[in-house]
Amino acid sequence: MWGSATASYQIEGGVGEGGRGRSIWDTFSHTPGKTLNGDTGDVADDHFHRWRQDVRHIADLGLDAYRFSIAWPRVQPGGSGEFNPEGIGFYSDLLDALLAVGVKPVVTLYHWDLPQELQDAGGWTNRATAEAFARYARRMAEEFGDRVEVWTTLNEPWCTALLGYGSGVHAPGISDPVAALRAIHHLNLAHGLAVREIRDVLGASAKVSITLNLHVVRPDDPSSQADLEAKRKADEIANESFLGPLLEGAYPAGLLERTASLTDWSFVRDGDLEAIHRPLTVLGVNYYSTARVRAWSGQGQRQQADGHKDSAGNPWIGAEDVEFLPQPGPHTAMGWNIEPAGLTDLLLQLHDRYPDLALMVTENGAAFDDEVTVTDGVARVHDPRRVQYLHDHVEALGLARDKGADVRGYFAWSLLDNFEWAYGYDRRFGIIHVDYDTQERLWKDSAHWYHRLVTTGALPAVTDTEPR
Ligand code: FCB
């Protein structure tokens, strides 16, 4: 399944329209100093008004599937209580339009835009949010169940918990390790409860999924016990705190031990782990780059080149004595190192560990400083580094498949340039360029290249970027 992905707050705009309630990203982006240039998602790509045109681009690209998210506050403004028919109608029309052009909808129920009212009651630190999420998921299954190909409960719960409540660089901007640990658990629980509801409505064959941003963590010196231990600590908070409960029914013992002075984890109640540990149809994997760690000597400034925005708060709970070292280049405009082999490694490691688990790369892509050039009156965006990035990562995915990993799909992030969270509109990930003054869409070379790939199923040369 070849696709491309977006997320509601990053593209929709129309934040005050159609009965939508406020989300934590409205509040956060409107708080001075939280996003680059004070950018907000108020207008974004104006997809709320231009979605028909965007569906045409999806169809013209020849995509098999489109991954998008439902804005919870658009369909249920306060996150509990009344649903909003206008919001439900918006996604209903979008689903119909996708199906009409033969594109399979892969729907994420939560891509970070929590209704503000739920945040006011504690957000993901509050168990009631997980219960509210399950009710919202049930209603979405009832409304859209016949039209959705794959249901993804949560996108990157690590970011929600650790960047939202740990380092505070994402909404709601809290830096409190205990809040972050509670958020981890309530997100896992929300997933489990939602899966139960979706299957209750749609039957056991409903395709359910969750998307994780698993970190590929490499020890600086693989022969050093201390560095291997540093890797283990980083892995536990980055990966095992989700893989453990979701796929094995337990939190990592090391993490529980190292955080015992912070919390007794009594927010994990009897029966929770059983509720979380349910079969997944497919695991979504988002992959961009790798990380390198070593044990910190305790001297001088601890390096934290982990690819996430700098902050006073530390998202690496239970790994406070681990240093993240800058990675050798090349790098994207995010400062992320480009290492396609990391994707092969990640998919193969997952396959070794969970041989029967189907996988799907639900995001992969790169930000670069794109430029529109006009030659003989024809506007183009030549983005050879993005073409190369996509080419090399699709190839890396193919290698993992050749070695047995059951990878069912690949989604380029992103269909459109969009609101890149704390980095606002400064970082462009789209294969389609968006002029934010005119809202004009323009296929970059990478879109032409991707079109070749998805319509032929064979990896085109990186030079194969001419318009049809
Ligand atoms: C991921 C997010 C996605 C996008 C990319 C660049 O962490 O899921 O929304 O911002 O990074």
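Start at Glu420 in this predicted model. Select its side chain together with the ligand: a polar atom of the Glu420 side chain lies 2.7 Å from an oxygen atom of the ligand.

Keep the ligand displayed and add Glu363. An N or O atom in the Glu363 side chain is 2.9 Å from a ligand oxygen atom. Next, add Asn155, where a side-chain N or O atom is 2.9 Å from an oxygen atom of the ligand.

Now switch on the surface. How much of the ligand's accessible area does the protein cover? On its own the ligand has 290 Å² of accessible area, and the protein covers 95% of that.

Widen the selection to the residues around the ligand. Besides Asn155, Glu363 and Glu420, these are Gln10, His111, Trp112, Glu156, Asn286, Tyr288, Trp413, Trp421 and Phe429. Coloured by class, this shell divides into five nonpolar, four polar and three charged residues.

Hide the ligand and look at the space that it takes, which is the largest pocket. Its volume is about 680 Å³, and 38 residues line the pocket. To find the centre, select Tyr288, Ser289, Gly307, His308 and Trp336, the lining residues that lie nearest to it. Tyr288 also belongs to the residues around the ligand.

Then show the cartoon. Which elements give two or more residues to the lining of the largest pocket? They are helix α8 (157-167) and strand β8 (290-295).

Finish by colouring the whole pocket lining by class: 18 of its residues are nonpolar, 15 are polar and five are charged.

Methods
Residues numbered from 1 in each chain as written. Predicted model: local features only at pLDDT ≥ 70, side-chain atom pairs only at ≥ 80, totals over all residues. Heavy atoms only, no water. 1 Å grid on protein atoms, 1.4 Å probe; cavity = no way out; pocket = protein on both sides within 12 Å on 5 of 7 lines; lining within 4 Å. Points joined across faces, edges and corners; volume = space filled by probe spheres on them. Helix = DSSP H or I, 4+ residues; strand = E, 2+ residues; numbered from the N terminus. Nonpolar A, V, L, I, M, F, W, Y, C, P; charged D, E, K, R; others polar. Near = heavy atom within 4 Å. Polar contact = N/O pair within 3.5 Å; in protein donor to acceptor, adjacent residues only side chain to side chain. Areas by Shrake-Rupley, 256 points an atom, 1.4 Å probe, with all protein chains shown as cover. Sits in = over half its atoms within 2 Å of the grid points.
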